[in-house]
Amino acid sequence: MRYSQMLLPTLKENPSEAEVASHRLLLRGGFIRRLTAGVYAYLPLGLATIRKVEQIVREEMNRAGAQEVLLPIVQPADLWIESGRWTKYGPELLRFKDRHNRESCLGPTHEEVITDLVRMNVHSYRNLPLNLYQIQTKFRDEIRPRFGLMRGREFIMKDGYSFDLAEEGANLTYQKMYDAYHRIFARCGLAFRAVEADTGTIGGSFSHEFMVLAATGEDTIVICRAAGCGYAANLEKAAGPASEAPKEPADMLPLEKVETPGQRKVAAVIAFLGIAPSQLVKTMVYLADGKPVAVLVRGDHEVQDVKLKNLLGAVDVVLADDQQIFEATGVPSGYLGPVGLKILVVADREVAVMRNVVIGGGEKNYHFRNANLERDFRVEKFADLRQVTATDRCPCCGGELEFPKGIEVGHIFKLGTSYSQAMKATYLDKDGQEKFFVMGCYGIGVSRIVAAAIEQNHDQDGIIFPLPLAPFKVVVLNLSPNDEKISGAAEAIYQGLLAAGTEVLIDDRDERPGSKFKDADLVGIPFRVTVGKGFTADGTVEVRRRAGATVAVPLADTVALILAEIDREMSALAGQS
């Protein structure tokens with residue numbers, strides 16, 4: 001492609017709307033343009049990069065035995081009502097009515113549609129297992145779209161769905177997809193990690209997220225440092241260590257009410273009473289689908305909202321404000337404790353083994369000392385409800401934990417029969433018995449991979465694309481378009497690379513060399529060939545790896561050298577997968 005003929009509107013200044021590197025560089029490099037909040041148009045460079053990701057995904061999904069389909073983005077409400085998600089999914093589901101007053105939505109995902117398709121067309125065990133996928137535009141009406149392609153409302157996604165006879169087969173399919181995802185992200189040239197994750201609004205019993213490791217990631221992941229352990233989980237899923245009761249528990253001391261004037265915060269209370277945070281149990285009030293619930297955790301721990309939501313089976317949990325706390329309990333915030341509470345009380349499992357703790361006194365300016373479970377207060381449910389901290393140990397091996405940031409680019413789920421039962425999707429087994437399909441779900445954020453790759457690979461000058469994702473593998477800079485000799489050499493390299501089937505861009509613009517160098521670095525094309533005064537002087541051209549070394553190469557050797565480097569690197573990435 002010739003630069004002079006291409007829609008490639010680069011920007012010299014950073015756009016004010018961009019908050020992270022990928023958003024800034026995709027806009028500056030002319031890859032995308034914003035249409036409205038969270039919705040972007042893909043320009044030629046942006047679409048070329050998207051297509052690179054799609055091709056890798058297709059090849060590995062097909063290799064794993066999946067078949068590609070394409071499903072409608074407009075989905076009838078009837079299917080979502082049937083699955084039970086019409087009311088559960090929340091405001092991210094964009095609902096609307098057509099001219100016949102029929103309710104529909106724009107698909108954020110396609111579990112209902114694919115289940116309907118299979119139940120209408122697959123009836124026998126002979127047609128199973130079945131694994132279908134698509135690469136398609138999705139829409140989720142995010143309340144605060146941000147970071148460009150990282151969290152938009154409209155995005156490109158690969159979503160796949162498997163249908164098996166039984167749990168055993170579903171587990172094998174899940175492992176195939178787990179392995180395929182490792183190959184996909186390795187071939188994309190990304191540093192990533194698979195972590196245990198919560199299933200969220202998709203549902204199901206088990207899932208893994210695939211995280212690209214990047215300092216700007218929205219998610220925190222928990223990884224065991226111990227060699228050979230391999231434990232990794234999303235912070236929402238990471239298990240707190242199991243709490244064991246002391247072999248010789250302390251005797252219960254008499255409950256004592258003490259005055260703590262003005263001491264509302266944990267730090268103030270422990271300083272006032274001269275105790276450690278681990279000797280205090282704080283009482284938090286949440287609204288679970290609008291209903292108040294008290295949550296007890298140790299003073300130095302925090303409630304993990306997702307764990308609480310899962311325990312309660314709630315669609316949404318939010319921390320109550322001071323007014324809501326008083327309305328639910330009659331006690332002002334900061335002095336609330338579990339003694340005498342009339343609302344549901346749940347607790348982190350660590351509370352179950354604590355003795356003689358400090359709790360809120362149930363009235364302003366008072367706390368209790370030496371409170372004990374069962375004698376002084378009751379808890380309806382115990383569970384792992386707290387967020388893991390840096391002082392915790394690995395739940396598998398006891399090793400140290402680290403907390404890197406990550407960007408979710410893929411998520412796989414064991415769905416079981418949750419959708420097939422709700423939607424009465426069945427097949428006949430070899431004995432003629434009706435059975436529910438056992439399902440799995442497998443998503444990849446195709447457009448998000450592009451953003452994640454840039455977050456992981458950039459410098460002060462621009463993008464440094466991994467070779468497999470670059471829109472062009474080579475850019476040829478003709479520094480003197482009016483010089484016949486230099487232009488002839490640049491054209492020869494360009495035509496040689498084209499003939500070899502390599503994606504190449506030639507910068508044939510009548511622009512200053514500095515502008516060409518800046519634009520080449522900005523868009524991140526892996527190999528840059530510069531034809532300028534050096535060729536006139538000694539017949540050599542400069543070959544530079546983006547953010548790497550520059551070497552002088554005779555014109556006759558240039559194409560062969562670049563092709564060899566590309567082949568070597570692509571082969572190495574394929575070998576990692």
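1. A helpful term to start with: two strands count as paired if DSSP finds at least two bridges between them. Keep in mind as you read that this is a predicted model. Strands β13 (residues 256-259) and β19 (residues 366-371) fit that description, as 4 bridges join them and they run antiparallel. For one bridge to look up, try E259, whose partner in β19 is Y366.

2. Stay with β19 for a moment. Strand β18 (residues 357-360) is also joined to β19, here by 3 bridges, and the two run antiparallel. Across this pair, G360 stands opposite H367 of β19. The hairpin that β18 and β19 form has 5 residues between the strands, and G362 takes a positive phi there, near 80°.

3. Next, have a look at the open sheet of 3 strands. Its order is β4-β6-β5, and the pairing is antiparallel. Why is one side of β4 (74-76) and of β5 (95-97) left without a neighbour in the sheet? Both strands stand at the edges with a single partner strand each, so nothing in the sheet adjoins that side. From one strand to the next, the twist averages 40°.

4. Within that sheet, 3 bridges join β5 to β6 (residues 103-106), and these strands run antiparallel. The residue paired with R95 is C105 in β6.

5. Finally, turn to helix α7 (residues 305-312). Which of its residues are buried? They are V306, K307 and L308, and the buried residues of α7 pack against β14 (281-288), β15 (291-298) and β17 (344-348). At the start of α7, a side-chain oxygen of Q304 comes to within 3.1 Å of the backbone nitrogen of V306. After the helix comes G313, with a positive phi near 65°.

Key. Residues are numbered from 1 along each chain as its sequence is written. This is a predicted model: local features need pLDDT of at least 70, side-chain atom pairs count only at pLDDT 80 or more; totals for chains, interfaces and linings use all residues. Side-chain values use heavy atoms; hydrogens and water are left out. Buried means under 20% relative accessible area, exposed over 50%, partly exposed in between (1.4 Å probe, protein chains only). Contact means heavy atoms within 4.5 Å. A polar contact is a pair of N or O atoms within 3.5 Å; within protein, one must be able to donate a hydrogen and the other to accept it, and residues adjacent in sequence count only if both atoms are side-chain atoms. Axes are lines fitted to C-alpha atoms, for helices over the stretch in contact, and angles run from 0 to 180 degrees between N-to-C directions.
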